[in-house]
Amino acid sequence: MAECHPVGFRFVMEAKRRGATIIHVDPRFTRTSAVADIHVPIRPGTDIAFLGGLVNYIITNERYFTEYVKAYTNATALVNENFKDTEDLDGLFSGWNSEKGQYEISSWQYDGAEVGPAAGKREMFSGEPMSERGTQSGAIHHDETMQDPRCVFQIVKRHYSRYTPEMVEDICGIPQDKFLQVAEALCSNSSRERTSAFCYAVGWTQHSIGVQYIRTACIVQLLLGNIGRPGGGIMALRGHASIQGSTDIPTLYNLLPGYLPMPHAKYDTDLPTYLEANGSTSGWWSEMPKYMVSLLKAYWGDDATEHNEYGYHYLPRLSGDHSHQVTVAAMADGVVKGYFVMGENPAVGSMHGQLQRKGLRELDWLVVRDFAPTETAEFWKTAPEIERGEVRPEDIGTEVFFFPAATHTEKDGSFTNTQRLLQWHHKAIEPPGDCRSELGFTYHLGRRLRELYADSAEQRDLGIQRLTWDYPTKGPHEEPDAEAVLKEINGYTVQDGKAMSGFKDLKDDGSTACGCWIYSGAYADDANQTARRKPADEQTWVAPDWGWAWPSNRRLMYNRASADPDGNPWSERKRYVWWDAQKKKWTGEDVPDFIETRPPDYRPAEDATGTDTIGGADPFIMQADGLGWLYAPNGLQDGPLPTHYEPEESVAENALYLQQCNPARMEWDRKDNPFHRAFDDPRFPYAITTYRLTEHHTAGGMTRWLSWLSELQPEMFCEISPELAREKGLRNGDWATISTARTVIECRVLVTERIRPMRIRKRIVHTIGLPYHWGTKGLVTGDSTNDLIGFVADPNSSIQESKAFTGNIERGRRGRGRGMLEPIDDKLRDLPEVHKPRGKHGVRAATSQEDEET
Amino acid sequence: MRRVLPAWPVLEQLRRRDLKALGRTAFSERTEQLGPRTAKADEVVRSVCPYCSVGCGQLVYLKDGRITDIEGDPDSPISGGCLCPKGAATFQLVTGSHRTKQVLYRKPYGTKWETLPLATAMEMVAQRVKQTRDETWEETDPKGNVVNRTLGIAHLGGATLDNEENYLIKKLFTALGVVQVENQARI
């Protein structure tokens, strides 16, 4: 955190000054470790074993927050009697379908009722054989004593019973005394009086089982009562200025703005079906029809009427996974013809650079928008395969357009930071030359396309013809008014165009339009709330008058949990939001995350529906049952409980189960994506992890061109321990070649005790650390680490596995020869009976996408 | 002598109580006149750091219509005036000579960049989108389900862009039937 979010880390340092214990879990010793109380080196790819060890410690030693667990989590809920745990099936849960290569999740459900997920891959479950999403919470059977073997608490207890300190040491390489020190520090700082927080970044997400890393932290934090309370939580430290915003208002294939699922071809055949299948009969998601209809009104304006289902049929449909890696594979197979890349540099920043660039070579046309031509814009000119002579520019048919982009100082707009806070940045000057904002580019591209389609009589062109696209423009470059766009995002009443004050006023009858319901209120009172800048020292510590946070300017989500079931603060020290019995409403330091006037003793009637199902002591209002899920009966592709699996390529066999890897992982079975042996590959004996440096930003597009930053980190390097250096005859400053089956790269060697060899079951395991910022362009150049990485992904998020894989290191510079090796398919990743259909995400990707659901 | 004596540095040091001569005594007339660029700004524009997701406040200083400096915003409850090495380099990011200011074009099978007028390039891209969309349109999938889309066009990017920009990108591409819209959040 000190390396990649240095200014955010000032709050950690402030906490430390006030007596907090800082624990840093990371394979390498960094600036964070330097100021931490405890640094815990961990073998890359084993965090679930470590966190599962904490779960086991908390339960075995009865360190959980009993009142919180019983009242606010699903610990007491009973699970379907057909459920089988990984303890029963050697690493698989019940429901594995070896024909499809995926789980059927019905046996994971609660006893008595089926619930839909509040988040996760919701569209994948759309139309599954359950007539109603959500449930009457009353239908779920509970055991308040938490003794029933089928209750969630007992299932969790059994699931993690073998995640002992000894097992943590064997898997993660963390000595038992250090593990126990961490567990004790965490537990003793979690109670009515105290809270502990977790922070993580892509070191947790970029794994073939990454979503379950965060889920394990959720279990720990729910057991300790650290969610929805000040000083608690699990903080995702995101890497880009508005990457949270680009998730909320998604440039993502599976979502519409505000986490509404994109419609699925097979199930969501019309609007009523879509709303029934994706909404919920209980909890806050029961409000979904209002958000969807208002979005359609924002998109298609007057043309969106009840008669045409508000333009629902203009929406394209999904038929499977259309995520980045799937798209690139489809590109390499010639399915994708045209590609827009705006402010991103996949030739350096995404896994398997060769396959990324192969995809670019197969395009008809490519549009790149950035400050200067990046490696992605110049894949035809300066790529490693061009240098090696494998590909010649004269043979590449892709037509490439490079458009220069405006900087944030040359345009108005809002960023959403990692804490969901929208902050407006004002235009200071006009962009130079032909530089333009993406707002202007997209607006004018849309305007030209609407002209090109103006005379069409084709049904398929109605969506573009009737799209609301009449934004006021201003300035010499006729850039659209960003505030007008923000107002559409915020929402307005159709009749008089007045800005919505918040999502609670949205309607499902076409009388309101709203581009992103969770952002409704950002332009309340026809004023730009995101531009508010009341100085920190003139307001409370929660700082509600600086910018605007979604939802409803709420700074801490699920903050109802900061009070006990009766509505009183858990302690005076941790008071945040509470029930004011006199005024009969919720109040506190922050905007309460609850129905404002719902008393703590409210209990829903048997036949309650919609938001009436949310009980007065159910803080997790987005969940169908209002509870924090220790165990996830729905929403995940790879199990209701996080389970330790080794990465696709590992230095070790799975010590817990016969099943080596996440059975549901996404794997691209293609010739141009060879894998190593599952473990103990003699050609690739070392663990590799990747990371960023303070002085560079991701793929380098905003840093490698700047002399001030380039001179601080001028050259690609690897970090290795003195022990590994001795073993391989490497000295500090030498050149070394790092290889995987995908390619070889070269870099300077940094011999340092920041990376330590680890003892894993009496064997020494070495880790190589690689920053990934460099490429062939910019002031400082170097080989790209991501070229080493294969196409493997988490099945829930489709995120690449780049934080844990294997490779080799040798002295000297790489040759000019081709690096790719033949694959070895050793079949050791899965149990003998686990069958994964070949080519699921591989050759002819688009076609296989169609087959995925069959 | 009356004119020379006051210029004698020792007297000046005594008079200014600057015995080590490291203070005001050492100032030349030019040094006396030096001041921070920020003090002479015509205008200060509120902004936000464009790098990581912490969202540090930035103050953009303008003089004669040009950006003269970018500093941390002390009012920000997030950053309290701090910027990290990347944030502190924002001035070079936005004013540096590395920026390309013309549209570049590479012909199929070409070996070099050429320049194009912006409007020409915009029209060419619009035509490419239309042609590719029309050629690769899918009304239904092989099983007869309505899909109403094209898999011939894809988009990547958004994490570095504004919310308003992401909104227009998603809206336009969705209306065109482009489903493969992705950004760094997937990575």
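I looked first at the strand pairing across the chains: strand β9 (residues 338-342) of chain A runs parallel to strand β7 (residues 146-156) of chain B over four bridges, where strands are DSSP E runs of at least two residues, numbered from the N terminus, and pair if DSSP finds at least two bridges between them. Within this pairing I noted that Gly338(A) has Ile153(B) as its bridge partner in β7(B).

I kept in mind that this is a predicted model, in which local features need pLDDT of at least 70 and side-chain atom pairs pLDDT 80 or more, while totals for chains, interfaces and linings use all residues. Residues are numbered from 1 along each chain as its sequence is written, and chains are lettered from A and ligands numbered from 1 in the order in which they are written.

Next I looked up the contact between the chains, which takes 128 residues from chain A and 99 residues from chain B, two residues being in contact if their C-beta atoms, placed from the backbone, lie within 7 Å. On the side of chain B that touches chain A, helix α6 (residues 163-176) of chain B gives the largest share, 13 residues.

Last I turned to helix α8 (residues 176-188) of chain A (helices are DSSP runs of H or I, at least four residues). Which residues of α8(A) are buried? I found Phe179(A), Val182(A), Ala183(A), Leu186(A) and Cys187(A), buried meaning 20 or more other C-beta atoms within 10 Å of a residue's own and exposed meaning 12 or fewer, with C-beta atoms placed from the backbone. Seen down the axis, these buried residues fall within an arc of 125° (taken from the directions from the helix axis to the C-beta atoms), so they line one face of α8(A). On the other side of α8(A), I noted Asp177(A) and Ser188(A) as exposed.
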